[in-house]
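I opened this one to see how the chain is put together and where it leaves empty space. My notes follow in the order I looked things up.

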Amino acid sequence: MIDPEKTSSGWVPGAEEADDEEEMPLSLRLSIADTLTLGNATCGFMAVYFTTTGILIPHLTGSQETGMARHSAATAVILMLCAAVFDLFDGLVARKLRSSPMGAELDNLSDLISFGLAPAYFVLVYGMVADDAHQKVAAVGAIVVLLAVVLRLARFSCVTVKDGTFQGMPSPFGALTVVSIVLLELPFVATVLAVLGTAWLMVSRVEYPKPRGPLAVAMLSWIVLAMGLLAAWAFDAPSGQLLLQTGCALQLVLGAVIPLFATARRVNNFRDNRREARAAQP
C-alpha cells in the first residue's frame, strides 16, 4: 500500500527508482553492443586458458598426448575466431542501436586480450613446445606481436582515417594470420619472419577495408569455414591436416594480397592526381 504521509508530502510512486536510475553514471550502463564486447574478452581469456592447460602444461610435465594438444590448440583458435565474431557484431549492433560512453574503451581492451595477448601467447608457447633453443626468439616474436596490437589500438583511438577503411591490418585479421602461420608448421625461421611481417602490417599505413555489407558477410562465412577446418583437424578427420593447412595458407594469401592491392590502388591514385595536375597547368 502507498503511505498517505509520503503521498501528502509530494512523494510519487516509483520516483525513488527513477531518481536512482538518473543518478547512475551513464558510463555504468552496458548496452547490447557492450555485452558482445565482453563476450569478445571472455573468448580471448579462455583461448589463453586452453593454450596453457592443453599445450603448455602437458609439455612441461612430459605428457605425450598429441591428441589433447591438438584439441586444445584447435579450441584456442576457435575461441579467437569466436572473439572475432563478437568484435564484428558489436560494431554492427552499436551502429544500429546504441553504444554506451565506455563502448570504445571496452572494445579496445577486449581486442587487446583476444587479438593481442592470446595470439602472442600462442606464439610463445609454440616456441617452447617446438624446441627449447627457440624459446627466447619466440618470446621476442610474441612481444613484437603484442606491442604491435597495443600500438595499433592506441593509434586507432587518436587518428582519423577516411570512412570505410582501417589504417594497418585490423587486429582480428592480424591475430588469425599469426595463428595460421603457427599452425602451418613452417620451418622456425620462416615462421618467425612471417609473424614479424604480420606485426609490421598491423602498425603500417596500408589501408584495409572495413567489414561492412557484403564484406562483413564474406568475413563471417570465412570464420565459420575456418572453425569447420579446425574441428576436422582436431578430431583427426580424413584429410583434416591437409584441409587445415589449406585454410591457413589461404589466410596468409589474403594477408599478403590485400596490401598489394591497396598499394597498387594508391600508386594509381597518385598517378591520376599527377596527370590531373599537369592537365590543369596552362
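In which loop is aspartate 236 found? I looked, and it is the loop between α9 and α10. I should jot down early that this is a predicted model.

**Entry 1: odd phi values**

I picked aspartate 236 because most residues other than glycine have a negative phi. Aspartate 236 goes the other way, with phi near 55°. I checked its surroundings too: aspartate 236 is exposed, at a relative accessible area of 59%.

Glutamate 185 turned up in the same search, again with a positive phi, near 55°. I traced glutamate 185 to the loop between α7 and α8. Its relative accessibility is 57%, and the cut-off for exposed is over 50%, so glutamate 185 counts as exposed.

**Entry 2: overall layout**

Next I stepped back to the whole chain. I count 10 helices and 2 strands. Along the sequence the order reads α-α-α-α-α-α-β-α-α-β-α-α. There are 282 residues, and 39% of them count as buried.

I also looked at contact range. Taking contacts with a separation of 6 or more, 80% of them join residues 24 or more positions apart. The exposed surface comes to about 15,800 Å², with carbon and sulfur atoms supplying 67% of it.

**Entry 3: the core**

Nonpolar side chains tend to be buried together in soluble globular proteins, so I went looking for the core. The largest nonpolar core here holds 56 residues, and Phe122, Leu183, Leu230 and Trp233 have the most contacts inside it. I then asked which helices feed it: α3 (32-60), α4 (66-96), α5 (103-130), α6 (135-158), α7 (171-183), α8 (188-203), α9 (214-234) and α10 (240-280) each give at least two residues. The top contributor is α4, with 10 residues.

I pulled up tryptophan 233 for a closer look. Setting aside neighbours within four places in sequence, tryptophan 233 is in contact with Arg70, Ala73, Ala74, Leu183, Gly240, Gln241 and Leu244. Leu183 is on the list of core residues with the most contacts as well.

**Entry 4: a buried asparagine**

Is asparagine 40 buried or exposed? It counts as buried, because its relative accessibility is 0% and the cut-off is under 20%. I find asparagine 40 in helix α3. Not counting residues up to four places away in sequence, asparagine 40 touches Ala83, Phe86, Asp87, Ser110, Asp111, Ser114 and Phe115.

**Entry 5: the largest pocket**

Asp87 came up again when I turned to the pockets: Asp87, Leu88, Phe166, Pro170 and Pro211 lie nearest the centre of the largest one, which has 40 lining residues. I noted about 1,100 Å³ of space in this pocket.

Who lines it? I get at least two residues each from α3, α4, α5, α6, α7, β2 (207-209), α9 and α10. Here α4 has the largest share, with 8 residues. I split the lining by class and got 23 nonpolar, 8 polar and 9 charged residues.

**Entry 6: closed cavities**

Rolling a probe the size of a water molecule over the atoms shows where empty space is left. How many cavities of 30 Å³ or more does the count give? I get 2.

The largest cavity has a volume of about 170 Å³. It has 15 lining residues, and Ser180, Ala226, Leu230, Gly247 and Cys248 are nearest its centre. The elements giving two or more residues to this lining are α4, α7, α9 and α10. I put α9 down as the main contributor, with 5 residues. By class, the lining of the largest cavity has 12 nonpolar residues, 3 polar and no charged. I recognised Leu230 from the core entry, where it is among the residues with the most contacts.

The second largest cavity comes to about 50 Å³. I listed its lining as Val123, Tyr126, Ala138, Gly141, Phe188, Thr191, Val192 and Val195. Two or more of these residues come from each of α5, α6 and α8. The largest share, 4 residues, is from α8. I sorted this lining too: 6 nonpolar, 2 polar and no charged residues.

Terms used:
Residues numbered from 1 in each chain as written. Predicted model: local features only at pLDDT ≥ 70, side-chain atom pairs only at ≥ 80, totals over all residues. Heavy atoms only, no water. Core = buried A, V, L, I, M, F, W, Y, C linked by side-chain atoms within 4.5 Å. Buried < 20%, exposed > 50% of the residue type's maximum accessible area, 1.4 Å probe, protein only. Contact = heavy atoms within 4.5 Å. Areas by Shrake-Rupley, 256 points an atom, 1.4 Å probe, with all protein chains shown as cover. 1 Å grid on protein atoms, 1.4 Å probe; cavity = no way out; pocket = protein on both sides within 12 Å on 5 of 7 lines; lining within 4 Å. Points joined across faces, edges and corners; volume = space filled by probe spheres on them. Nonpolar A, V, L, I, M, F, W, Y, C, P; charged D, E, K, R; others polar.
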